[in-house]
Amino acid sequence: MTAEPLERALDRTDRLTEPALRPDDPPLVLRTARESDLPELRRLDEEVFQEVAYPGFLLRQLFDMYEEHFLVLDDGTGRLRGYVLAGTRALGRDSWILGLCVTQDRRRHGLGRELMTEVLGRLRRDGIGVVRLTVEPGNLAAILLYRSLGFRPEEPDGGLRPDYFGPGMHRQIMRLDIPGPGGPG
């Protein structure tokens, strides 16, 4: 399935706007998360990630640490439809994508790609050279998205890490080397 093209318009707060995908859908705004979003972020995280959702206290601390790289899709009605979160090291040029999600009703329209493209641009601007992430090995849609963005399995072992999050919770580790300021190349 081909992603629907997204029209974008930058406003003064550097937010990307996306028109409604269906006539009854409110338009989405891609913006930096706010402290007031935390209850809705927790709801969204639990809805999408269920038993592996971040505990509320950790989500709060991640927001405090990585606010600039915590982006949301806001539908303007008080509901968030997706987020991406990147964590960076205080010293060094490495980063991890700590979460990417889009609600079930808004998937397959290119929104995950938009979130990733925006956060990768911010990481490049901030001098990050390497971005890693983990993905459930059976999540082929996510793996295809990440591959299309340039991510490759972490070498030398191909990135498969059995029991990474605990017994039976295997993960594929993927890596992107970012060219440009701070990046390799």
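## Burial, pairing and backbone angles in a predicted model

E154 and R132 are both buried. The model is predicted.

Reader: Which residue meets R132 in a salt bridge, and which parts does the pair tie together?

Author: The side chain of R132 meets its partner at 2.9 Å, N to O. R132 lies in strand β6 and the partner in the loop between β7 (152-153) and β8, so the pair ties together parts that are 22 residues apart in sequence. The partner in this salt bridge is E154.

Reader: What is the N to O distance in the salt bridge between E40 and R43?

Author: Both residues lie in helix α1, three residues apart, which is about one turn of the helix. E40 is buried, with a relative accessible area of 14%, while R43 counts as partly exposed because its relative accessibility is 21%. Their side chains meet in a salt bridge with an N to O distance of 2.6 Å.

Reader: Which residue forms a salt bridge with E46?

Author: The partner is four residues away in helix α1, so about one helical turn separates the two. E46 is partly exposed at 37% relative accessibility, and the partner is partly exposed at 39%. The closest N and O atoms are 3.2 Å apart, and the partner is R42.

Reader: How many salt bridges does the structure hold?

Author: Side chains of opposite charge can pair when their charged atoms come close. Here R31, D37 and D74 are linked in a network of salt bridges. For the structure, the number of salt bridges is 15.

Reader: What is the nearest side chain of opposite charge to R171?

Author: R171 is placed in strand β9. R171 is buried yet has no salt bridge. Leaving aside residues up to four places away in sequence, R171 touches residues including T134, V135, P137 and Y164. The nearest side chain of opposite charge is 5.2 Å away, beyond the 4 Å limit for a salt bridge, and belongs to E136.

Reader: Why is strand β4 described as largely enclosed, and how many of its nine residues are buried?

Author: Strand β4 covers residues 80-88. A residue counts as buried when its relative accessible area is under 20%. The strand is largely enclosed by the rest of the structure because the number of buried residues among its nine is eight.

Reader: Which residue stands opposite L85 of β4?

Author: Strand β3 (residues 70-74) and β4 run antiparallel and are joined by five bridges. They form a hairpin with five residues between them, and G76 in the turn has a positive phi of about 80 degrees. Opposite L85 stands F70.

Reader: Which residue in β5 stands opposite G82?

Author: Seven bridges join β4 to strand β5 (residues 94-102), and the two run antiparallel. Their hairpin has five residues between the strands, with G92 in the turn at a positive phi of about 120 degrees. The residue opposite G82 is V102.

Reader: What is the arc covered by the buried residues of helix α4?

Author: The buried residues of α4 (residues 140-148) are A142, I143, L145 and Y146. They are on the same side of α4 because they cover an arc of only 160 degrees. The face turned away from that side carries the exposed residues L140, A141 and L144, whereas the buried residues pack against β5, α3 (111-125), β6 (130-135) and β9. The arc is 160 degrees.

Reader: Which residue forms an aromatic pair with Y146?

Author: The structure holds four aromatic pairs. The pair with Y146 is edge-to-face, at 5.9 Å centre to centre and 65 degrees between the planes. Both members are buried, and the partner of Y146 is F151.

Reader: What is the phi of Q50?

Author: Most residues other than glycine have a negative phi. Q50 lies in the loop between α1 (38-49) and α2 (56-66) and counts as exposed because its relative accessibility is 53%. Its phi is positive, near 45 degrees.

Reader: What is the phi of D163?

Author: D163 has its place in the loop between β8 (160-161) and β9 (171-177). At 41% relative accessibility, D163 counts as partly exposed. D163 is not a glycine, yet its phi is positive, at about 55 degrees.

Conventions. Residues are numbered from 1 along each chain as its sequence is written. This is a predicted model: local features need pLDDT of at least 70, side-chain atom pairs count only at pLDDT 80 or more; totals for chains, interfaces and linings use all residues. Side-chain values use heavy atoms; hydrogens and water are left out. Buried means under 20% relative accessible area, exposed over 50%, partly exposed in between (1.4 Å probe, protein chains only). Two strands pair if DSSP finds at least two bridges between them. Rings of Phe, Tyr and Trp (its six-membered ring) pair if their centres lie within 6.5 Å; planes under 30 degrees apart count as stacked, over 60 as edge-to-face and the rest as tilted. Lys and Arg count as positive and Asp and Glu as negative; His and the chain ends are not counted. Contact means heavy atoms within 4.5 Å. The arc is that of the directions from the helix axis to the C-beta atoms.
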